[in-house]
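Student: I've got a structure here and some questions about it. Could you walk me through a few local details?

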Amino acid sequence: MHSYHIWTIGCQMNKADSERLESAMGQMGLSPVPSPAAADVIVLNSCVVRQSAEDRTVGMLTGLKPLKERHPEKVVALMGCMVGPKTSPLEERFPYADVFMRPQQFEPLLSLIGDRLGIDAEGCVGPLTAKPDVTAFIPISHGCDKMCSFCIIPYRRGRDVSRPVQEVVRESRLLAERGVKEVTLLGQNVDSYGHDLPDNPDLGDLLAQVNDIDGLERVRFLTSHPNDMTDRIIDRVAELDKVCEHFNLPFQAGGDDVLARMRRGYAGGDYRRLVDRIRARVPNVSLSADVIVGFCGETGEQFEQTLDMIRDVRFDKLHAAAYSTRAGTIAARTMEDDVPAEEKTRRLKAVETLQEDILTEINSRLHGETVRVLTEGRKRGRWYGRNRNDKLVFFEDERDRKGDVVDVRVERTGPWSLKGAVVA
Ligand code: SF4
């Protein structure tokens, strides 16, 4: 039997792509192996959001060269955001790789596998993930039209392209039939979904259709852009019973000058008003966000405005990163990366400390409350899952609870998770 090994780095979109490719290779009769050395087909799914991610991919690919030279019959493929519209620079740099694929474009690899290994690839690019779990990610759009000055995604992933509603609904239904209880609809900018489709359906329309699928318990979506978050979408989150009360809404910086240099298209006040609208319409909503510290020209005072935003909004989850230049972006071409590294580290630490204090306080309010958890699996002898607000919850139970929706009374809280006991 032939085998494959997929190495993945980066965001949920990449993980979803790798799962889809696994599914396709599974349908061709290949089985997964844990190391490249044992695999007939080796795939690296790359990320370019940060230079370090690209460097790791290059390191992995370079490390495969001796193996490929010893075993030229092995197929080596690079996929994901490192592969732009033109593959010739990569072909020159990595001549021993057999195939370069843009995100979600698996056909070149599958037909190569078909030729090399004598397997029929016809009809194998199915939407099913290889081994659906309790939760699954479904890409609904691809690329981004926004051109934030720090971001490389629009150059690598291209323009924002939506998958047809029926295709997403069909995939969600198939996953539900195979036992998936929660789907997360993914896009770089999920709120602009449908702008390029006939009749312009929006994310709200798609959520309504996925909400109707039997067997699904929960529906989530990410990532949102504040400028494309409409009242229609907010209303759907408020109304649809399976759509979870959670928004992933990056703000990136608190100060208007920094936001303008980032080309985010909104000011701090706009973001705050949007949060107010969401909170007024969706009771018990939770919010997560991304923030960048130490962007080009960010003064100490401007950084304080970021801390003010965090203090005022009180996010339920915050992903903070120190700015690092990405070659090819608008910021790299036109701005100076002038905040010293140690100052970026200090700002990052200040954000993390503040956020930890806020989360400790927010979560402590859940002590003694009962939360409804969709159980995803087991870790270190305990079951874990999340409530609708995306809070991680651990509990103990002798029974197999995977996939069950369980009421848990919270007995311990901390900034990153809750622990409790099953309510009889
Ligand atoms: S919205 Fe901005 S940060 Fe997000 S993918 Fe698009 S360009 Fe990048």
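**Around the ligand and along the backbone**

Student: How do the residues of the shell around the ligand divide into nonpolar, polar and charged?
Tutor: Keep in mind that this is a predicted model. The shell includes Cys144, Met147, Ile153 and Pro154, and Cys counts as nonpolar. Lys146 also sits in the shell, and Lys counts as charged. The whole split is six nonpolar, three polar and one charged.

Student: Which loop holds Thr223, the residue after the cis peptide bond from Leu222?
Tutor: The bond from Leu222 to Thr223 is cis, with omega near 5°. Leu222 is the end of β10 (218-222), and Thr223 lies in the loop that follows. That's the loop between β10 and α9 (231-239).

Student: Is Asn200 buried or exposed?
Tutor: Asn200 is found in the loop between β9 (182-186) and α8 (203-211). Its phi is positive, about 45°, although Asn200 is not a glycine. For burial, the cut-off for exposed is 12 or fewer other C-beta atoms within 10 Å. Asn200 has 11 C-beta neighbours inside 10 Å, so the residue counts as exposed.

Student: And what about Asp390: how exposed is that one?
Tutor: Asp390 is found in the loop between β15 (382-386) and β16 (392-396). Asp390 isn't a glycine either, yet has a positive phi of about 75°. Buried would take 20 or more other C-beta atoms within 10 Å, and exposed 12 or fewer. Asp390 has 18 of them, so the call is partly exposed.

Technical notes:
Residues numbered from 1 in each chain as written. Predicted model: local features only at pLDDT ≥ 70, side-chain atom pairs only at ≥ 80, totals over all residues. Near = placed C-beta within 6 Å. Helix = DSSP H or I, 4+ residues; strand = E, 2+ residues; numbered from the N terminus.
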